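Here are my notes on the model, point by point. Please read them with the structure open.

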Amino acid sequence: MTNYVFPPHDPVSLAIKGSDSRFPVRRIYCIGKNYADHVKEMGGDAARSEPIFFTKAAETIVESGSDIPFPPNTTNLHYEVELVVAIGPNLEVFAYGVGIDLTRRDLQSAAKKRGGPWARAKNFNRSAPCSVLTLADSVDLSKARIVLRKNGDIVQHGALSDMIWGIPEIIERLRQDMDLQAGDLIYTGTPAGVGPVNVGDELSGGIEGLQRITVRFI
Ligand code: MN
């Protein structure tokens with residue numbers, strides 16, 4: 001047995017609908033600019049823009065039903081509801097979830113201006129809420145819609161079929177670049193309608209056939 005200088009952290013994990021076993025999270029990959037209507041609302045040209053990759057630490061996961069303390073160093077925290085793909089032991093699509101890619105938009109805008117990294121804008125404590133996972137073979141998402149409600153009002157909605165890169169293409173492109181392993185999560189990008197969230201707000205995201213993600217900001 002390996003001796004460590006201090007006890008290693010337990011892996012971050014997510015519940016799976018209908019299972020007593022949990023999904024241990026390894027890495028979180030995120031896709032940006034994967035819905036044309038969102039590229040447009042961010043001031044880009046969807047015809048000429050390719051989706052992009054960035055990452056969040058596994059420790060940024062927040063489970064549904066959690067309260068999230070409003071993060072520091074931002075006055076413009078944004079929601080982005082997204083389909084989450086969970087990779088299994090044979091590099092297959094093992095399960096799906098509904099996630100929210102929380103973004104400190106003010107820090108992201110500043111980073112874009114100076115050509116700097118997005119790390120502080122995207123990869124901060126509790127920035128990756130994710131629902132209970134649903135096994136992939138138990139659901140058909142081909143016609144599913146994705147919706148986010150803020151305090152009960154619909155603020156984002158779209159069709160998963162509108163993704164610029166579909167799931168097989170995302171996986172293929174990721175694997176050209178780095179290894180993908182069991183436990184990896186992929187946040188697949190957000191449709192139009194991103195906007196601010198403040199203390200006291202509740203966000204609730206859903207995709208037909210999947211478990212909801214609901215979080216509240218305190
Ligand atoms: Mn996103």
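1. Which residues of helix H4 (residues 167–177) are buried? They are Ile167, Ile170, Ile171 and Leu174. These four cover an arc of only 95° around the axis, which puts them on the same side of H4. An α-helix has 3.6 residues a turn, so residues three or four places apart point the same way. Pro168 and Gln176, on the other side of H4, are exposed. Keep in mind throughout that this is a predicted model.

2. What covers the buried residues of H4? The cover includes five strands: E3 (28–32), E4 (52–56), E8 (81–87), E9 (93–100) and E15 (185–187). Strand E4 comes up again under the aromatic pairs, through Phe53 and Phe54.

3. Now the metal site. The manganese ion is coordinated by Glu80 (OE), Glu82 (OE) and Asp101 (OD). The distances run from 2.0 to 2.1 Å. Along the chain, the donors follow the spacing E-x1-E-x18-D. Are the two glutamates buried or exposed? Glu80 is buried, at 4% relative accessibility. Glu82 is buried too, with a relative accessible area of 0%.

4. Look next at Lys122. This residue sits in helix H3 (residues 119–122). Its relative accessible area is 2%, so Lys122 counts as buried. Leaving out residues up to four places away in sequence, Lys122 touches Phe54, Lys56, Glu80, Asp101, Leu102, Thr103, Gln108 and Ser127. Two of these contacts, Glu80 and Asp101, are also manganese donors.

5. Arg105 deserves a similar look. Arg105 belongs to helix H2 (residues 105–114). The residue is buried, with a relative accessible area of 6%. Neighbours within four places in sequence aside, Arg105 is in contact with Met42, Asn76, His78, Glu80 and Val194. Glu80 is thus a contact of Arg105 and of Lys122, and a donor to the manganese ion.

6. How many aromatic pairs are there? The count comes to 3. One of them joins Phe53 and Trp165, and it is tilted: 5.6 Å centre to centre, with 40° between the planes. This pair links distant parts of the chain, 112 residues apart. Phe53 is in strand E4, while Trp165 is in the loop between strand E14 (153–159) and H4. The two residues differ in exposure: Phe53 is partly exposed at 26%, whereas Trp165 is buried at 5%.

7. Phe54 and Trp118 form another tilted pair. Their ring centres are 5.7 Å apart and their planes stand at 55°. Phe54 lies in strand E4 and Trp118 in the loop between H2 and H3, so the pair ties together parts that are 64 residues apart in sequence. Phe54 is buried, with a relative accessible area of 11%. Phe54 is also among the residues that Lys122 touches.

8. Strand E13 (residues 145–150) shows alternating side chains. Ile146, Leu148 and Lys150 point to one face and are buried. Arg145, Val147 and Arg149 point to the other face and are not buried. Note the lysine in the buried set.

9. What does E13 pair with? E13 and E14 run antiparallel, joined by 6 bridges. Arg145 has Ala159 of E14 as its bridge partner. E13 and strand E17 (residues 202–207) also run antiparallel, with 5 bridges between them. In E17, Ile207 is the bridge partner of Ile146, and Gly206 is that of Val147.

10. Where do these strands sit in the sheet? The sheet is open and has 5 strands, in the order E6-E18-E17-E13-E14, with mixed pairing. Strand E6 (67–68) and E14 stand at the edges. Each has a single partner strand, so one side of each is left without a neighbour in the sheet.

11. Last, the turn between E13 and E14. The hairpin has 2 residues between the strands, and Asn151 takes a positive phi near 50°. Gly152 lies in the loop between E13 and E14. Gly152 counts as partly exposed, at 44% relative accessibility. Its C-alpha atom is separated by 34 Å from that of Ile171, 19 residues apart along the chain. Ile171 is one of the buried residues of H4.

Terms used. Residues are numbered from 1 along each chain as its sequence is written. This is a predicted model: local features need pLDDT of at least 70, side-chain atom pairs count only at pLDDT 80 or more; totals for chains, interfaces and linings use all residues. Side-chain values use heavy atoms; hydrogens and water are left out. Buried means under 20% relative accessible area, exposed over 50%, partly exposed in between (1.4 Å probe, protein chains only). The arc is that of the directions from the helix axis to the C-beta atoms. Contact means heavy atoms within 4.5 Å. Donors are N, O and S atoms within 2.8 Å of the metal (3.2 Å for Na, K and Ca); water is not among the atoms, so sites may look incomplete. Rings of Phe, Tyr and Trp (its six-membered ring) pair if their centres lie within 6.5 Å; planes under 30 degrees apart count as stacked, over 60 as edge-to-face and the rest as tilted. Two strands pair if DSSP finds at least two bridges between them.
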